[in-house]
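These are my notebook entries on a structure I looked up. I set down each point in the order in which I consulted it.

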There are 2 protein chains.
Amino acid sequence: MADLDPEEFRRLGYAVVDWIARYRAGVGELPVRGDVEPGSVRDQLPGSLPEQPGTLDALLADIDRVVVPATTHWQSPAFFGYFPANASLHSLLGDMLSGGLGIQGMLWSTSPAATEVEQVLMDGLADALGLDPAFTFAGGGGGSIQDSASSGALVTLLAALHRSDPRWRTDGVDGTERVYVTVETHSSLAKAVRVAGLGARALRIVPPMPGSPAMSPDALAAMLAADRAAGLRPVLVCPTVGTTGTGAVDPVRAVAAAAQDVWVHVDAAWAGVAALCPEHRDLLDGVELVDSFCTNAHKWLQTAFDASLLWVRDARTLPDALSITPEYLRNAASESGAVVDYRDWQVPLGRRFRALKLWTVINGYGLEGLRAHIRRHVALATELAGWVRDDPGFTLAVPRSLALVCLRVVTGDGPEADDAATREVMERVNASGEALLTHTVVDGRYVMRVAIGSATTEAAHVAALWERLRREATAVRG
Amino acid sequence: MADLDPEEFRRLGYAVVDWIARYRAGVGELPVRGDVEPGSVRDQLPGSLPEQPGTLDALLADIDRVVVPATTHWQSPAFFGYFPANASLHSLLGDMLSGGLGIQGMLWSTSPAATEVEQVLMDGLADALGLDPAFTFAGGGGGSIQDSASSGALVTLLAALHRSDPRWRTDGVDGTERVYVTVETHSSLAKAVRVAGLGARALRIVPPMPGSPAMSPDALAAMLAADRAAGLRPVLVCPTVGTTGTGAVDPVRAVAAAAQDVWVHVDAAWAGVAALCPEHRDLLDGVELVDSFCTNAHKWLQTAFDASLLWVRDARTLPDALSITPEYLRNAASESGAVVDYRDWQVPLGRRFRALKLWTVINGYGLEGLRAHIRRHVALATELAGWVRDDPGFTLAVPRSLALVCLRVVTGDGPEADDAATREVMERVNASGEALLTHTVVDGRYVMRVAIGSATTEAAHVAALWERLRREATAVRG
């Protein structure tokens, strides 16, 4: 049995486009989080796979009946959890084209255009973000689209290990390597340290500056000196621009100065794209001094997961660390040294043409459109933060960071009561299905996070959330 | 600027579907490999990103003008290189739906249906392939969709390291770990060993059985014993079912017996899906004894990259090795232990709803349709291998393996002349654009690989390739 005939695909493809258009048009009316018990989806699906083909209509009916009610609707305008992960409709067009072409971009030679379009877009975005030209291919560095910031952190750590001591490729790690983060650093760094064989003991938690969640450059300098004196080998320092919990920003410039020749990787997964706006360009202060920089297009840059943007100052570092070439991958272009083989910038060998979805986003919005989107969310968050500040029943847990507002309920009955009330209010909001929030803990206190960033979130959604928060808080206070 | 209006998306989505239908209908007429110089694509694109939005029509025109001519057409019916990576039109429908829903499946709680649909399909495929029920969730094991077999090998190695000594999570690797492969094992194992911090010295190349490329169980047993006696710690043995070079099959049953309590991971990335056909079920002989098994849906199971299927016998092993839980990911469902959180089965945190593209494939073809596809390719390869055998100007470098035929040109002037002629014939075929082949080296000899497996490859395409091979060989012989 051959594949679908292209004409039949046209008919079914239209039906899927119709399904998506209908789903997206109505997603704001669905409960953001389905009410679902473990196993309930499995129980509704057949236990064995069909011998004979079924129709697309039947499958779409199953999706409507079984999948949609048991889905958390990340594209809802009332999704304020984690960080919104925009799969904009513009980006879907590029992702569809990527599937249509169906190429493998592992080597330049296995599809030259896939590699070069990615290079052009990454160079262009570096410029649009105001990154130092050293991060472009013309400047000797370069960017690549990783699946996630986690993978970006891992390959960066591997490049840092290799730069620190190239014997790593043959002899492995030696137990003296150390990696420097803060308590607020994303867990992907701890995971990268584990994956790379360093073990948790290699992870150094740098204390914050007094009265701040941000990494203390002085403390970092002292730890580096002490570790070196103890015969240990610092390999990576990871400051964060916009932590996941609260959006805090580590002082990159001072951290880079303290790190000296240790590889510095800036994790700006969420916040980095805001640097498209000149008024947020200060987020990147000091990034011109570091070795690598990561920000996610699949969070706040409207691009469907997966599309994490990783730039390195020296384009040779990742291939030096990661390249392994069996006979069947040898080819003249690679051996000429004139091309980039992106397989050597990542762990997997295979590679989708991810640049296409980034291209349809940039083409569809234009840089001005992307900036407008970020500005709208920041303005909405600023308004919400003002309401929180002016209401004695709530308090800001930390200052607003861009479009992230972290707040707590105030009961007047002390911290424990406040924490319990905050948790209960959040759970009631989430159970209502009218919005979705997630939480974090700051200085031992339970905190609700309102992360504004869905493409379709408007002022009315934020106002409705605030109204719901106040109502639930009144109910919880009793 | 908000996202596309859903109605506008409908119009543009139809246009993209039309583009894909047209591309796929005509891809067989395009040169399989574009004639392109390094940098030529970059030179044709603007050096900076647009401030204002452009139209989709203009972008599609750029794709037609710049991208398509510089693309290797992996979906061409005359693509016989590497292993074909089918992005069937059925699978694109599911991938589009995945983008449309735009969810994150990192935790069960972040989108329950995404996790449970994947569990159901992986259990169903385990059954359809004839895997031991221990690999299903009901049996205590379970399957997950990884981005690639490379990533599957990496997480498997990490689970094996953890099982071998749980102190790995805190103390890292200790330099005594050893991993056992053959010279024909995919380079992703060497890469996993490097990424995991073991260094190349940890990679043990087990010699083959006499007169065969397959791993010698006796040699393995001897190496394991010698390494243990030397104070080293065997952690992983990786037999291959269908090597990338020549499709060779290691004797899994005997290897597993020799490995005893060492983790055995079977890499069946290309060939494994053939076990859907009862007549190829012997490929899985002994797999019931191993710890993990991987096969790619994105090669021969019609599913667009990325979709590598990884099963483990013990569902706790991957989370035990990989889980790290910061506060903002804590949730009641995870803590209940009643759900699977697939983020703990992989390196990245974020996760697409990949199961949808697998679902549309299984629904669109039915298992019978998928089997028919595999059988058709094996029959075409069998026919080609017969032509090669019967032609004194060619020889089979190794016996045909499923749908992979490895051949050499025979000049009558000795091995060096044969190798040069084989290379030249292949390069002429590829330069013609009428087909694409890639090569390997077997016992020091240059070998052309004909990997039959594109969804649209028919008898006529294989006959045309054979005709072209004979013509070019005649020309090269002079």
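Before reading any strand partners, I fix the term: two strands pair if DSSP finds at least two bridges between them. I also note that the model is predicted.

**Entry 1. Confidence.** I looked up the scores of the model and found ipTM 0.97 and pTM 0.97. For chain A, the pLDDT averages 96, and 100% of the residues score at least 70.

**Entry 2. Strand β6 of chain B.** I began with the register of β6(B), where Ser292(B) has His265(B) opposite. I then turned to the strands on either side. Strand β5 (residues 263–267) of chain B pairs with β6(B) in the parallel sense, over three bridges. Strand β7 (residues 308–312) of chain B runs antiparallel to β6(B), and five bridges join the two. In that pairing I find Leu309(B) of β7(B) opposite Thr295(B).

Which residues of β6(B) lie on each side? Ser292(B), Cys294(B) and Asn296(B) are on one side, Phe293(B) and Thr295(B) are on the other, and all are buried. This reading accords with a general rule, that side chains in a regular strand alternate between the two faces of the sheet. Because five of the five residues of β6 (residues 292–296) of chain B are buried, I record the strand as largely enclosed by the rest of the structure.

**Entry 3. The four-stranded sheet of chain B.** I traced an open sheet of four strands with antiparallel pairing, in the order β8-β9-β11-β10 (chain B). Why is one side of β8 and of β10 left without a neighbour in the sheet? Strands β8 (394–396) and β10 (438–442) of chain B stand at the edges and have a single partner strand each, so one side of each has no neighbour there. From one strand to the next, I note a twist that averages 40 degrees.

At the β8 edge, three bridges join β8(B) to the antiparallel strand β9 (residues 404–409) of chain B. I read Val409(B) in β9(B) as the bridge partner of Phe394(B).

Next I looked up the helices on this sheet. Helix α14 (residues 355–390) of chain B lies across β8, β9 and β11 (445–451) of chain B, and it runs at about 20 degrees to β9(B). Helix α15 (residues 415–432) of chain B also packs on the sheet, where it touches β9, β10 and β11 of chain B. The direction of α15 makes about 35 degrees with that of β11(B).

**Entry 4. Chain A, domains and Ser454.** I find chain A divided into domain 1 (39–66), domain 2 (103–352) and domain 3 (362–477). The centres of domain 1 and domain 3 of chain A, taken over C-alpha atoms, are separated by 37 Å.

Within chain A I looked up Ser454(A), which is found in the loop between β11 (445–451) and α16 (459–477). Is Ser454(A) buried or exposed? Ser454(A) counts as buried, because it has 26 C-beta neighbours inside 10 Å and the cut-off for burial is 20 or more. Apart from neighbours within four places in sequence, Ser454(A) is in contact with Gln75(A), Ser76(A), Pro77(A), Phe79(A), Pro84(A) and Asn86(A). His377(A) is 77 residues from Ser454(A) in sequence and 8.4 Å from it in space, C-alpha to C-alpha.

**Entry 5. Contact between the chains.** I find that chain A gives 132 residues to the contact and chain B gives 132 residues. On the side of chain A that touches chain B, the largest share comes from helix α1 (residues 6–26) of chain A, with 16 residues. By character, I record that side of chain A as 71 nonpolar, 41 polar and 20 charged residues.

How values were computed:
Residues numbered from 1 in each chain as written. Chains lettered and ligands numbered in written order. Predicted model: local features only at pLDDT ≥ 70, side-chain atom pairs only at ≥ 80, totals over all residues. Domains from an automatic or database assignment. Contact = placed C-beta atoms within 7 Å. Nonpolar A, V, L, I, M, F, W, Y, C, P; charged D, E, K, R; others polar. Buried ≥ 20, exposed ≤ 12 C-beta atoms within 10 Å, placed from the backbone. pLDDT = per-residue confidence, 0-100. Axes fitted to C-alpha atoms, helices over the stretch in contact; angles between N-to-C directions.
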